[in-house]
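Here is a guided walk through a single protein chain. Keep the structure open beside the text and follow along as we go.

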Amino acid sequence: MTELRFELYVGAPVEQVWKLFIEPEGTKAILFGSVLESTFEIGSPYRYIGPGNDGDETVHVYGTVLAFEPNRFMSYTEHPGPSYRENHAELETRVSLTLESVGSTTKLTLVNDQWPDNHPSYESTKASWPMILSNLKTLAETGKTLDFGW
């Protein structure tokens, strides 16, 4: 399966964009009410939890931290949450996020790769990343999130 790759420029400093990916207030806003739980130590687990199929503590995705350099780079394995796929433990991909300062903007590059053949979440993930990244860009630049009508 083809890697999912997104590059965009956000009219905000790197530190502000980073916080939206890491801190609860940011992740709740861009990831539809979910927060990121992790120590961010390499090899440690992480999970995004929030409202969903299993109530307010639904695990949407989880995995292992592979790399973590604050305000610059993070990479992690990713599995769909148990309520989404019965074989969730077998369905591993990798997500890598790079932030770079370009003038007074941030260049954001997100790559979601290492997809196993016939991964059942590929198409939904392909549709979700543009929504998440657009939400982040809008929030960073305007202080408001997008209304997707949900």
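## A first stop at Val10

Setting aside residues up to four places away in sequence, Val10 touches Val17, Thr105, Thr106, Leu136, Lys137, Ala140 and Glu141, where a contact means heavy atoms within 4.5 Å. Val10 sits in strand S1, residues 4-10; helices (H or I, at least four residues) and strands (E, at least two) are DSSP runs, numbered from the N terminus. With a relative accessible area of 0%, Val10 is buried. Buried means under 20% relative accessible area, exposed means over 50%, and partly exposed is in between, using a 1.4 Å probe and protein chains only. Glu41, which is 31 residues from Val10 in sequence, is 27 Å from it in space, C-alpha to C-alpha.

Before going further, please note that this is a predicted model, in which local features need pLDDT of at least 70, side-chain atom pairs count only at pLDDT 80 or more, and totals for chains, interfaces and linings use all residues. Residues are numbered from 1 along each chain as its sequence is written, and side-chain values use heavy atoms, with hydrogens and water left out.

## The chain as a whole

The chain has 3 helices and 7 strands. Followed along the sequence, they come in the pattern β-α-α-β-β-β-β-β-β-α. The C-alpha trace spans about 45 × 30 × 30 Å along its principal axes. The radius of gyration of the chain is 15 Å, which agrees with the value near 15 Å for a compact globule of 150 residues. That radius is taken over C-alpha atoms, and the globule rule is 2.2 Å times the number of residues to the power 0.38.

Of the 150 residues, 45% are buried. Among contacts between residues at least 6 apart in sequence, 46% join residues at least 24 apart. The chain exposes about 7900 Å², and carbon and sulfur atoms supply 50% of this area; accessible areas come from the Shrake-Rupley method with a 1.4 Å probe, and for residues only the protein chains shown count as cover.

## Four residues to compare

The table shows how accessible some individual residues are.

| Residue | Place | Relative accessible area | Class |
|---|---|---|---|
| Thr109 | strand S7 (residues 105-113) | 8% | buried |
| Phe32 | loop between helix H2 (24-30) and strand S2 (35-38) | 35% | partly exposed |
| Asn118 | loop between S7 and H3 | 71% | exposed |
| Phe148 | segment after H3 | 29% | partly exposed |

Which residues does Thr109 touch, not counting residues up to four places away in sequence? They are Arg5, Phe6, Glu7, Ser96, Leu97 and Thr98. The C-alpha atoms of Thr109 and Leu99 are 6.6 Å apart, with their positions 10 residues apart along the chain.

Two of the loop residues have a notable backbone angle. Most residues other than glycine have a negative phi. Phe32, although not a glycine, has a positive phi of about 55 degrees. Asn118 is not a glycine either, and its phi is positive at about 60 degrees.

Phe32 turns up again among the contacts of Phe148. Apart from neighbours within four places in sequence, Phe148 is in contact with Phe32, Met131 and Asn135. Asn135 is 13 residues from Phe148 in sequence, and their C-alpha atoms are 9.6 Å apart.

## Spaces in the structure

Now for the gaps. On a 1 Å grid over the protein atoms alone, a cavity is a set of points where a 1.4 Å probe fits but cannot get out, and a pocket is an open set with protein on both sides within 12 Å along at least five of seven lines; lining residues have an atom within 4 Å of a point. Grid points are joined across faces, edges and corners, and a volume is the space filled by probe spheres set on the points.

How many cavities of 30 Å³ or more does a search of the whole structure find? It finds 1, and the largest cavity has a volume of about 60 Å³. Its lining includes Leu36, Phe40 and Tyr46. Strands S3 (45-52), S4 (55-69) and S5 (73-80) each give two or more residues to this lining.

The largest pocket has a volume of about 730 Å³. Among its 30 lining residues, His60, Val61, Thr125, Ser128 and Ile132 are the closest to its centre. H3 gives the most to the lining, with 6 residues.
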